[in-house]
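Reader: I am new to this structure and should be grateful for a close look at its sheet. Please explain how the strands are arranged and what lies around them.

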Amino acid sequence: MFIASDDIFHKVWILAKTLNPMENEHQFNELQTVRLKVNGEQHELLLLPWVSLLDALREHLDLTGTKKGCDHGQCGACTVLCDGKRILSCLTLAVLKEGAEITTIEGVVRGNQLHPLQQAFIDHDAFQCGYCTPGQICSAIGLFKEGKAKTREDVKELMSGNLCRCGANIGIIDAIMEVKDGGMYE
Ligand code: FES
Ligand code: FES
């Protein structure tokens, strides 16, 4: 089978980033092929079974919009959408998501237009450093899909897994409420 040269470079690059040089031979045998559709694009990755979805996105696909905060399921910075549901990518093994459709912050724009939540975050000053923002926005999109949040208190409660160390919480909830009440998330 013919393999384009940039495919070979890509695979070598992935291996170089994945393998521990001290244990190359052993780890090579552990590599697994994982197919993921990320932001509408199909990808086939060679990953060790313990690689998190977060690391697969950031280190193997260069989608660094998704942030690593605690890496322990405590902060929500790594939230992405998996088959439409919000998940913590730091707690998710990439190999367990074989065939899944993943949406990251890079995939929420609508053509040349920001997602209404992205615009609302700007309008409401809903961030300072911005580190939590991709996770907040992906989480809020998941929240809308769940359809459980009816009131501002519901939104606060159901977004409580996404922490903002800068204290931009009021702006974040204001932004989410504006999009929710305006029905702009469909
Ligand atoms: S990085 Fe995943 S929850 Fe903090
Ligand atoms: S804007 Fe800095 S952590 Fe939220």
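Author: The following account takes the sheet first and then its surroundings. This is a predicted model, in which local features need pLDDT of at least 70 and side-chain atom pairs count only at pLDDT 80 or more, while totals for chains, interfaces and linings use all residues. Residues are numbered from 1 along each chain as its sequence is written, and chains are lettered from A and ligands numbered from 1 in the order in which they are written.

Five strands form an open sheet in the order β2-β1-β5-β3-β4, with mixed pairing. Pairing on one side only marks β2 (41–47) and β4 (85–88) as the edge strands. Direction ignored, neighbouring strands of this sheet are turned by 40 degrees against each other on average. Strands here are DSSP runs of E with at least two residues, and helices are runs of H or I with at least four, numbered from the N terminus; two strands pair if DSSP finds at least two bridges between them. Axes are lines fitted to C-alpha atoms, for helices over the stretch in contact, and angles run from 0 to 180 degrees between N-to-C directions.

Within the sheet, β3 (residues 79–82) pairs with β5 (residues 101–103) in the antiparallel sense over two bridges. Cys 82 stands opposite Ile 102 in β5. Across β3 and β4 lies helix α5 (residues 133–146), running at about 35 degrees to β3.

The loop between β1 (32–38) and β2 holds Asn 39. Although not a glycine, Asn 39 has a positive phi of about 50 degrees.

Conventions
Two residues are in contact if their C-beta atoms, placed from the backbone, lie within 7 Å.
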